[in-house]
Amino acid sequence: MFQPIRTRLLVSSLIVFALVLGGFAGVVRLVFWRNLQQQLTDRLTTVGQSAAASVEYDGGQIKVEDDLSIADLQRQQQALQWFDRQGNLIEQQGDVVLTLPLDPQALAPQRGQGQAGGPAIQAVTLPILNGDSGEQIGYVRVSQSLAQLDDTLDQLDWGLMVGVLVGLGMSGGGILWITRQAMEPIEASFQRLKQFTADASHELRSPLMAISSNVEVALKYPEGIREEDREVFASIASATAQMTRLTEDLLLLARSDRPRDLVLDPHQPALVKAPIDLSTLLRDLVTLYQPQAQASAIALHQTIAPDLTLGGEVDPITRALTNLIQNALQYTPAGGQVWVEAKALNQQIHITVQDSGMGIAPEHLQRVFERFWRADAARTHDRGGSGLGLAITQAIVQRHGGTLAVTSQLKTGSCFQVQLPMYGRGLAPGEG
Ligand SMILES: Nc1ncnc2c1ncn2[C@@H]1O[C@H](COP(=O)(O)OP(=O)(O)OP(=O)(O)O)[C@@H](O)[C@H]1O
Ligand SMILES: [Mg+2]
């Protein structure tokens with residue numbers, strides 16, 4: 001029963017780790033990318049400066065000296081373009097050129113596409129100044145393909161992704177180990193608590209039995225008791241019966257959530273799978289509760305398929321079904337209806353107990369199976385329950401390899417659905 005907690009802890013810690021590692025990887029990538037960009041801009045500016053210096057100004061005309069190495073430019077995947085003051089292209093070296101026109105107003109680094117489908121290009125434009133007068137005579141634009149930079153970034157992305165995944169895998173292992181360490185003492189104390197409940201209920205049986213048998217004897221010979229004491233004895237008998245039922249319930253529940261992988265409770269016998277004629281059992285139960293239904297002016301209907309055979313223990317199964325029918329009758333006001341249905345479908349027996357009663361609020365729907373939980377309406381109308389009925393029913397159904405589900409709507413009614421394997425299906429004989 002601690003497995004879901006462990007899984008939840010693992011999943012939530014992994015989500016947190018993934019967010020932290022993802023954020024970290026994002027920041028690393030951003031810083032790295034900015035650094036590469038800056039380096040590239042610096043490099044292009046240096047090339048641009050020497051390209052600007054390689055220009056001669058002759059009679060109002062710009063002439064480019066031919067001493068720049070084209071091979072060098074190509075190797076670096078760079079290109080140079082010289083423009084006059086109006087932005088007209090005068091000369092170009094290298095192929096990796098921007099198709100964007102020169103914008104003399106904005107000399108910020110440009111980024112754009114060269115030929116269609118080619119890699120992105122980064123460009124830096126610098127003014128060319130006349131060496132003598134210092135007057136601006138044109139522009140030089142240096143471009144470089146971003147293919148290399150993209151490759152580097154791709155490698156970084158892969159590295160970060162693998163790093164994050166390996167980190168997550170390792171932290172997953174670590175979290176598993178930590179949760180196991182942290183949960184061990186909690187599990188142990190939970191086991192001790194359950195053992196205590198089981199032992200206490202077990203030990204309470206004998207004194208309760210002694211009280212009830214003594215009271216029974218006393219009530220058997222009423223002539224020996226004063227008239228006014230007889231009522232006192234009767235209420236002792238009823239309180240003892242209630243307490244006996246409560247301790248039996250607690251014992252059953254304490255045993256039922258004992259994990260299978262722990263040492264088996266010596267008091268918990270394995271499930272004996274005897275065939276149970278469920279059709280007859282249900283019909284008898286409906287007949288048994290018919291007078292109570294009539295007294296509460298509730299119409300109790302049944303649609304029970306014949307020959308439904310279940311493998312299990314008859315007393316607990318009767319107890320589980322009784323709880324459902326009792327609840328339906330208890331939580332349905334006069335004039336209401338209760339339907340008990342049973343049928344076989346896909347090797348499973350489907351039993352539904354439906355009522356047109358007060359219903360259960362959606363936020364309480366899963367709480368009804370909790371021990372001692374009762375809706376406020378149930379308490380205010382005080383119908384004398386302990387709130388263990390459905391917890392017991394669920395434990396019994398699960399022990400028989402079945403499921404118990406509920407759907408309900410306030411003031412409209414509730415429907416409890418039990419699904420149990422047919423005899424010869426589900427758990428192997430003796431398994432429990
Ligand atoms: N058919 C139903 N319609 C409406 N509410 C229901 C129905 N069945 C159960 N409940 C709600 O779920 C609560 C828990 O039910 P459960 O059978 O476990 O305990 P109980 O009936 O109060 O006491 P007992 O231990 O005597 O059965 C009830 O108190 C009631 O509020
Ligand atoms: Mg009940």
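**Exercise 1: around Gly401**

Find the glycine just after helix H8 that takes a positive phi, then work out how many of the residues of H8 are buried.

*Solution.*
- Step 1. Go just past the end of H8 and you reach Gly401, with a positive phi of about 75°. Helices and strands here are DSSP runs (H or I, at least four residues; E, at least two), numbered from the N terminus.
- Before going on, note that residues are numbered from 1 along each chain as its sequence is written, while chains are lettered from A and ligands numbered from 1 in the order in which they are written. Also, this is a predicted model, in which local features need pLDDT of at least 70 and side-chain atom pairs count only at pLDDT 80 or more, while totals for chains, interfaces and linings use all residues.
- Step 2. Now count. In H8, 10 of the 11 residues are buried (20 or more other C-beta atoms, placed from the backbone, within 10 Å; exposed is 12 or fewer, partly exposed in between). Among them are Gly389, Leu390, Thr393, Gln394 and Arg399.
- Step 3. Look for the cover. The buried residues of H8 sit under elements including H4, H6, strand E13 (403-409) and E14.

**Exercise 2: H4 against H8**

At roughly what angle do the axes of H4 and H8 cross, and which residues make the contact?

*Solution.*
- Step 1. Two packed helices are described by the angle between their axes and the distance between the axes.
- Step 2. The axes of H4 and H8 come within 10 Å and cross at roughly 45° (lines fitted to C-alpha atoms over the stretch in contact, angles from 0 to 180 degrees between N-to-C directions).
- Step 3. H4 and H8 are therefore oblique to each other (under 35 degrees would be roughly parallel, over 145 roughly antiparallel, 65 to 115 roughly perpendicular, the rest oblique).
- Step 4. On the H4 side, the contact (C-beta atoms within 7 Å) is made by Asp249, Leu252, Leu253 and Ser256. On the H8 side you'll find Ala391, Ile392, Ala395 and Arg399.

**Exercise 3: H5 against H6**

Give the angle and the axis distance for H5 and H6, then name the residues that meet.

*Solution.*
- Step 1. H5 and H6 pack at about 30°, and their axes are 11 Å apart.
- Step 2. That angle makes H5 roughly parallel to H6.
- Step 3. H5 brings Leu281, Leu282, Leu285, Tyr289, Gln292 and Ala293 to this contact. Facing them in H6 are Thr318, Leu321, Thr322, Ile325 and Leu329.

**Exercise 4: the cores**

How many residues does the largest nonpolar core have, and which element gives the largest share?

*Solution.*
- Step 1. The largest nonpolar core (buried Ala, Val, Leu, Ile, Met, Phe, Trp, Tyr and Cys joined through C-beta atoms within 7 Å) has 41 residues. Leu278, Leu310, Leu324, Ile325, Ala328, Val338 and Ile349 have the most contacts inside it.
- Step 2. Elements that each supply at least two residues of this core include helix H4 (227-256), helix H5 (278-295), helix H6 (314-330) and helix H8 (389-399), as well as strand E11 (337-345), strand E12 (348-355) and strand E14 (413-421).
- Step 3. The largest share of this core is seven residues, and they come from H6.
- Step 4. Zoom in on Leu278: leaving out residues up to four places away in sequence, Leu278 touches Leu308, Thr309, Leu310, Ala342 and Ile349.
- Step 5. Don't forget the second, separate core: 19 residues, including Ile62, Val96, Val124 and Ile128.

**Exercise 5: two loops**

Is Asp307 buried or exposed, and where is Asn346?

*Solution.*
- Step 1. Asp307 lies in the loop between strand E9 (299-304) and strand E10 (309-312). Phi of Asp307 is near 60°, positive in a residue other than glycine.
- Step 2. Asp307 has 9 other C-beta atoms within 10 Å, so Asp307 is exposed.
- Step 3. Asn346 is in the loop between E11 and E12, with a positive phi near 50°.
- Step 4. Asn346 is exposed too, because 8 other C-beta atoms lie within 10 Å.

**Exercise 6: far in sequence**

How many residues apart in sequence are Val11 and Ile175, and Gln191 and Ala254?

*Solution.*
- Step 1. Val11 sits in helix H1 (residues 3-53), and counts as exposed because it has 12 C-beta neighbours inside 10 Å. Val11 and Ile175 are 164 residues apart in sequence and 9.6 Å apart in space, C-alpha to C-alpha.
- Step 2. Gln191 belongs to helix H3 (residues 147-220), and is partly exposed, with 14 other C-beta atoms within 10 Å. Gln191 and Ala254 are 63 residues apart in sequence and 9.5 Å apart in space, C-alpha to C-alpha.

Methods. Two residues are in contact if their C-beta atoms, placed from the backbone, lie within 7 Å.
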